[in-house]
Amino acid sequence: MTTSEQSAASSAATGLHVPGYIRDHEVHPPLDYPGYRSTALRHPKRPLTLLPHMLTEVTNPVLGQDRVGETDHDLTRQHAEEPQGQRIIVHGQVRDSDGTPIPHTLVEIWQANAGGRYRHTGDNWPCPLDPNFTGVGRTLTDAEGRYRFITIRPGAYPWRNHDNAWRPAHIHFSLFGRAFTQRLVSQMYFPGDPLFFQDPMWNSIPDPKARERLVARFDYANTVPEWALAFEWDIVLRGQEQTPFEDTEAEDDE
């Protein structure tokens, strides 16, 4: 399908007539999904307006190496003591549709602690906060597009989307280009999670193969003996193997 055909198909499916607006509905979740109640409040209800990127939008702010702190990538060393939970390494490569690595791009993560609670004023379910875990990290990909985080495996947590609703364990990812207007948001799941069956974010993705691209691979070869397990998750920005991305206005922020 050509770019113009994709744009026309996207407009027909969403009612949004915006030149150059392309959304692969087989890969990405719909902006309004009945099973995920928040999307009814957050999805666009008026025609989108295409805002041209001027020089400021595509060049500033500059996301240079000096803006990333020494421990930003290691969520276990950001406080005086170590956090509770199972230490893990999460690593992978960011690539374009043709397999080209994306170097020097900012990757951010945020997540719940080992008990499944975020350090957030809106999260007050009866699970203790960990004073040594904030749950936020960032790093730049290297020259080969690779990133690496050290963190704690997050726990599942309840939310009020539907009856007895629990989110599977996951880590949120945010990827930037060279400016803050160039942002993609997704989330990484862990293999074999028993809660996939009732998770609306997981089930909102039409293509089962696309869903599987959100699941990290257990990476025994890169585990560190007596220290940390490892998981590998590659992120593909475009093309047939594209990683599903969220509507940034409807992301899960609990």
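Reader: Which way do E7 and E8 run, and how many bridges join them?
Author: E7 and E8 run antiparallel, with seven bridges joining them. Keep in mind that this is a predicted model.

Reader: Fine. What stands opposite Ser 174?
Author: Val 185, in E8. Val 185 also belongs to a core of five residues. Other members of that core include Trp 110, Tyr 118 and Tyr 157.

Reader: Back to the sheet. What's the strand order?
Author: E3-E2-E7-E8. The sheet is open, has four strands and pairs antiparallel.

Reader: Which strands stand at the edges?
Author: E3, residues 136–140, and E8. Each has a single partner strand, so one side of each has no neighbour in the sheet.

Reader: And what does the twist average?
Author: 20 degrees from one strand to the next.

Reader: Switching topic. How many residues are in the largest nonpolar core?
Author: It has 35 residues. Those with the most contacts inside this core are Val 94, Tyr 147, Phe 173, Met 188, Trp 233 and Ile 235.

Reader: Which elements each supply at least two residues of it?
Author: Five strands and a helix do. The strands are E1 (87–95), E2 (106–110), E4 (146–152), E7 (170–176) and E8 (183–189). The helix is H4, 200–203.

Reader: Where does the core of five residues lie relative to that one?
Author: Apart from it.

Reader: Why would nonpolar side chains be buried together at all?
Author: That is a general tendency in soluble globular proteins.

Reader: OK, E1. Which strand is joined to it by four bridges?
Author: E10, residues 229–232. E1 and E10 run parallel. His 91 stands opposite Glu 232 of E10.

Reader: What about E9 and E10, parallel or antiparallel?
Author: Antiparallel, with two bridges. E9 covers residues 217–218. Phe 218 has Phe 231 in E10 as its bridge partner.

Reader: Now holes. How many cavities of 30 Å³ or more?
Author: Two. The second largest holds about 30 Å³ of space.

Reader: What lines the second largest cavity?
Author: Gln 111, Asn 113, Arg 117, Tyr 118, Arg 119, Leu 129, Asp 130, Phe 133 and Thr 134. Tyr 118 is also in the core of five residues.

Reader: How does that lining split by class?
Author: Three nonpolar, three polar and three charged residues.

How values were computed: Residues numbered from 1 in each chain as written. Predicted model: local features only at pLDDT ≥ 70, side-chain atom pairs only at ≥ 80, totals over all residues. Heavy atoms only, no water. Core = buried A, V, L, I, M, F, W, Y, C linked by side-chain atoms within 4.5 Å. Buried < 20%, exposed > 50% of the residue type's maximum accessible area, 1.4 Å probe, protein only. Pairing = 2+ DSSP bridges. Axes fitted to C-alpha atoms, helices over the stretch in contact; angles between N-to-C directions. 1 Å grid on protein atoms, 1.4 Å probe; cavity = no way out; pocket = protein on both sides within 12 Å on 5 of 7 lines; lining within 4 Å. Points joined across faces, edges and corners; volume = space filled by probe spheres on them. Nonpolar A, V, L, I, M, F, W, Y, C, P; charged D, E, K, R; others polar.
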